[in-house]
Structure formats: structure tokens, C-alpha cells
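The following exercises invite the reader to work through a structure step by step. Each task is followed by a worked solution.

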Amino acid sequence: MDIKQKLKQVLIEELNLEDVTPEEIGDEEPLFGEGLGLDSLDAVELVVVVQKHFGVEIKDMEEGRPALQTISTLAAFIEAKQQG
Amino acid sequence: MLKQSNDKNSWSSRSIGSGWQHRAFYLTIKLGGRKAAYLMLYFVVAWYVLFSPLARARAGHYLARRFPESSGLQRLWHCYRLILEFGKVLIDRAVVGILGAESFQVCLDGREELLELCAENRGMILMTAHVGCWQLAMSALEFLQRPVNMLMRREDGDIDRHYYEHAGIPCPYQVIDPTGYLGGTLEMLGVLKQGQILSVMGDRLLGSDKSSTPVDFLGEPAPLPFSAYKLASATGAPLVIFFTRKTGPDSYRVQLAKVLRVPQIKGRSTEHFAPYVQEFAVVLEEFSRQHPYQFYNFHNMWSGSQSEPAEQE
């Protein structure tokens with residue numbers, strides 16, 4: 001399973017997103033606000049989830065802001081960190 | 001020192017006097033010291049309590065719940081006492097900046113416990129409230145030798161000055177803006193991961209109403225924020241309830257009231273955090289019962305519409 005697919009799955013499971021399937025989450029869909037509709041507190045959970053499932057730590061806002069835009073940006077961030 | 005505002009929801013330093021009134025107090029402190037400023041305060045507060053319905057209304061949210069049996073003249077007296085004590089705190093804050101921190105004696109309860117919590121290196125969340133003088137609490141934490149970050153918002157046109165602005169020194173703490181990207185949560189998470197101290201007000205909503213949960217406070221449900229509890233849950237940082245109170249004309253006591261440990265809680269549900277928020281409310285209520293005139297949250301905490309941006313007064 002590629003990173004994007006796994007991300008979508010763990011997001012749904014860990015954030016208890018009801019009535020959403022991985023297929024319904026677009027790669028370029030904004031995670032926050034309009035789009036997937038996550039809020040600021042979900043961002044905290046998301047950081048924890050990324051560390052728990054991918055072993056990648058988002059240390060601060062400098063890293064987090066560009067990474068937490070879409071599934072694609074987050075997957076790219078995780079991939080870069082895992083390879084680095 | 002309360003001033004009518006066009007926006008009925010707003011509460012800022014402009015609500016507690018105009019620029020010239022603030023400057024008059026600052027000048028009095030410079031010329032005559034704290035006691036002279038207090039003397040002026042007695043008359044200024046009396047004038048406002050008698051002739052400003054807004055002043056009475058602002059204080060009334062809390063006083064109606066804290067002294068439900070009182071009415072008429074009794075309520076007016078409570079209002080006078082409350083605003084007078086708040087005025088003294090504002091003067092004290094200016095005195096620290098103008099005349100120096102040595103103007104006050106600050107006792108700290110829980111020093112050893114704070115050192116132990118800091119040594120865990122998980123960061124620390126200081127949960128304070130609109131009681132006493134939080135600036136003095138911050139100055140009492142220097143021994144921890146950790147950067148302090150405060151979740152606070154200052155409004156455009158603020159005229160009220162913090163003690164470090166009076167003293168002409170750099171701000172001793174980093175400010176995290178709750179109206180910034182994702183409500184500042186990533187910044188807050190970042191500082192905790194670095195083992196730093198994060199200070200938040202537990203009795204005031206500064207972001208979305210969604211991040212609040214209603215808990216019982218002074219006999220009625222009041223929506224209080226739970227973002228800090230979520231952060232504590234995610235990072236394992238201890239959440240320290242931390243209050244200050246004025247104990248004499250020139251003395252304050254800083255007290256570690258309680259330490260909360262929030263376990264890992266998954267998902268988006270708010271109800272899991274309610275018991276921890278309620279614990280904070282219980283401690284705060286106890287404080288207000290012991291020190292009824294040192295509770296300075298002049299918003300209607302019970303209405304659920306206190307989310308407009310404002311600074312920590």
C-alpha cells in the first residue's frame with residue numbers, strides 16, 4: 001500500500017471520520033477547512049498519527065504548515081523524511 | 001476604569017479606560033508610587049461603579065453567580081470591591097514595570113514539584129485563569145530556566161501596557177496567536193515537543209466554539225476550552241493549574257493548585273475531555289469562593305459567545 005492510501009486509511013480510523021471512505025478523499029483536497037473539514041485540534045491528532053504510523057516527527061510549524069496541506073503534500077513530506 | 005464600547009461583544013484594554021486615563025495612572029505611579037495610584041483608584045472606581053451601567057453589567061456576569069443571594073446595594077458593593085481589586089492588579093502590573101519587580105514580594109508554592117515536572121522533558125502546560133496577576137506568575141518561573149510561550153492575542157490599538165513595555169525590556173515570553181494558522185496548535189505542539197512551557201488561560205475561549213465543552217461552573221454550565229487538554233493528551237505533557245493571588249498591598253502568592261495527567265485519547269469526540277475540564281472548573285470555583293474579589297473574567301462565560309479575540313487581561 002502506498003503512503004497516500006495508508007494515510008487516508010489511518011486518518012479515517014484514528015480521527016474517527018464517519019461516513020468517509022479512502023476513495024472519497026482526494027489527493028489534492030485541502031485537509032483543513034473546506035475539503036476534508038479537519039479543524040485545528042485534528043491537526044494535533046494528525047501530527048501524532050503521522051509519528052505513530054510512519055515514524056516521522058513533525059517538529060514545528062515550519063515543517064508542519066507546508067506538509068499539512070493535502071494528502072499529497074503530507075505523503076511527500078513523510079517520504080522525504082523516511083528517505084532522509 | 002471601564003469605558004463604553006460600540007461593539008457589545010468587545011473587551012479590550014480600551015474597555016478599561018482611555019489613553020489619558022492610563023497615562024494619568026502611570027504618571028501618578030512615577031511621582032507618588034503605588035499608594036498614590038491606589039488612592040486615586042478608590043475614587044475612579046467609585047465613579048465608574050455608580051455611573052457606568054456597562055461596568056456593572058460586565059462585573060455582573062460573575063457576581064450574579066458568585067453572590068446569587070445579593071441584590072441592590074449589596075451587589076453594588078460587590079461590584080465596587082471586584083473592580084477595585086482588579087484596578088489594583090493593573091496598577092501593580094504597571095508598578096513592576098515602572099519601579100521594578102522588587103516592589104513586590106512574590107511567594108511560590110510548589111517550586112520543587114514544578115522542577116520535577118520540568119525534568120520530565122515533556123514540556124509543561126501552565127493552565128492559568130483571569131485571577132490575580134499572571135505577569136507576576138510568569139516572573140516567578142524564571143528559576144525553571146525554560147522558555148515560556150503564551151497563547152494570547154493583543155488587539156489593534158491596545159493602550160494598556162504590559163510590565164516589560166513599561167520597563168523597556170524585551171518581551172520575556174514568546175506569544176502564540178490563537179487566530180494564527182490552525183489556531184496556533186502546531187506552534188503549541190512544537191514548543192511542548194521541545195520541552196518548553198506553554199501558558200494558556202483555561203477560563204476563556206480564544207478560538208472556535210467547537211473547541212469548548214460545557215462544564216459546571218458556579219452552578220451553571222459554562223463552555224470552557226479544551227484544546228490544552230488535547231495537547232496534553234497528545235504530548236504527555238503535564239497540565240499544571242497555576243493561580244496567583246494578591247495577599248497584601250505589596251505581596252502576591254503563586255500557587256500550584258493541581259497537576260492533571262491526561263491520557264492518550266483518540267478521535268474527535270469532545271466528551272472524553274470534559275472530566276478534565278471539569279476538574280479545572282472545580283479548582284477555579286474553589287479559588288473564587290476563597291478569593292471572591294480576585295476573579296477578573298468580565299466576559300459572560302456562561303453565554304457561550306465569548307470567542308471574540310481579546311488579550312489576556
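Two residues are in contact if their C-beta atoms, placed from the backbone, lie within 7 Å. The model examined here is a predicted one.

**Exercise 1. The contact between the chains**

Determine how many residues each chain gives to the contact, and describe the side that belongs to chain A.

Solution.
- Step 1. Counting by chain gives 18 residues from chain A and 20 residues from chain B.
- Step 2. On the side of chain A that touches chain B, α2 (40–54) and α3 (61–67) of chain A each supply at least two residues.
- Step 3. With eight residues, α2(A) makes up the largest share of that side.
- Step 4. Sorted by class, this side of chain A holds eight nonpolar, seven charged and three polar residues.

**Exercise 2. The layout of chain B**

State the elements and domains found in chain B, and how far apart the domain centres lie.

Solution.
- Step 1. Chain B contains nine helices and nine strands.
- Step 2. Its division is into domain 1 (13–99) and domain 2 (104–294).
- Step 3. Taken over C-alpha atoms, the centres of domain 1 and domain 2 of chain B are separated by 24 Å.
- Step 4. Of the 313 residues in chain B, 46% count as buried.
- Step 5. Among contacts in chain B with a separation of 6 or more, 75% join residues 24 or more positions apart.

**Exercise 3. The nonpolar core**

Locate the largest nonpolar core with respect to the two domains of chain B.

Solution.
- Step 1. The core has 107 residues, of which Ile83(B), Ile125(B), Met127(B) and Leu231(B) touch the most other members.
- Step 2. Helix α3 (residues 73–99) of chain B gives the most to this core, contributing twelve residues.
- Step 3. Both domain 1 (13–99) and domain 2 (104–294) of chain B give residues to the core, so it lies between them.
- Step 4. For Met127(B), the residues touched, leaving aside those up to four places away in sequence, include Val200(B), Ala228(B), Val240(B) and Phe280(B).

**Exercise 4. The sheet and its helices**

Give the strand order of the seven-stranded sheet in chain B, and then place helices against its strands.

Solution.
- Step 1. The sheet is open, with mixed pairing and the order β1-β9-β8-β2-β5-β3-β4 (chain B).
- Step 2. Strands β1 (105–109) and β4 (174–176) of chain B are the edges, each pairing on one side only.
- Step 3. From one strand to the next, the twist averages 25°.
- Step 4. Strand β3 (residues 148–151) of chain B pairs with β4(B) in the parallel sense over three bridges, and Met150(B) stands opposite Val175(B) in β4(B).
- Step 5. Helix α7 (residues 185–193) of chain B lies across β3, β4 and β5 (197–201) of chain B, at about 140° to β5(B).
- Step 6. Helix α9 (residues 274–290) of chain B packs on the sheet by touching β2 (124–128), β8 (239–248) and β9 (251–260) of chain B, and its direction makes about 155° with that of β9(B).

**Exercise 5. One residue**

Decide whether Val277(B) is buried or exposed, and list what Val277(B) touches.

Solution.
- Step 1. Val277(B) has its place in helix α9 of chain B.
- Step 2. A residue is buried if 20 or more other C-beta atoms lie within 10 Å of its own.
- Step 3. Val277(B) has 25 other C-beta atoms within 10 Å and is therefore buried.
- Step 4. Apart from residues up to four places away in sequence, Val277(B) touches Thr213(B), Val215(B), Leu224(B), Phe226(B) and Tyr229(B).
- Step 5. Val240(B) is 37 residues from Val277(B) in sequence and 12 Å away in space, C-alpha to C-alpha.

Definitions and conventions
Residues are numbered from 1 along each chain as its sequence is written. Chains are lettered from A and ligands numbered from 1 in the order in which they are written. This is a predicted model: local features need pLDDT of at least 70, side-chain atom pairs count only at pLDDT 80 or more; totals for chains, interfaces and linings use all residues. Domain bounds come from an automatic or database domain assignment. Helices (H or I, at least four residues) and strands (E, at least two) are DSSP runs, numbered from the N terminus. Ala, Val, Leu, Ile, Met, Phe, Trp, Tyr, Cys and Pro count as nonpolar, Asp, Glu, Lys and Arg as charged, and the others, Gly among them, as polar. A nonpolar core is a set of buried Ala, Val, Leu, Ile, Met, Phe, Trp, Tyr and Cys residues joined through C-beta atoms within 7 Å. A residue is buried if 20 or more other C-beta atoms lie within 10 Å of its own, exposed if 12 or fewer, and partly exposed in between; C-beta atoms are placed from the backbone. Two strands pair if DSSP finds at least two bridges between them. Axes are lines fitted to C-alpha atoms, for helices over the stretch in contact, and angles run from 0 to 180 degrees between N-to-C directions.
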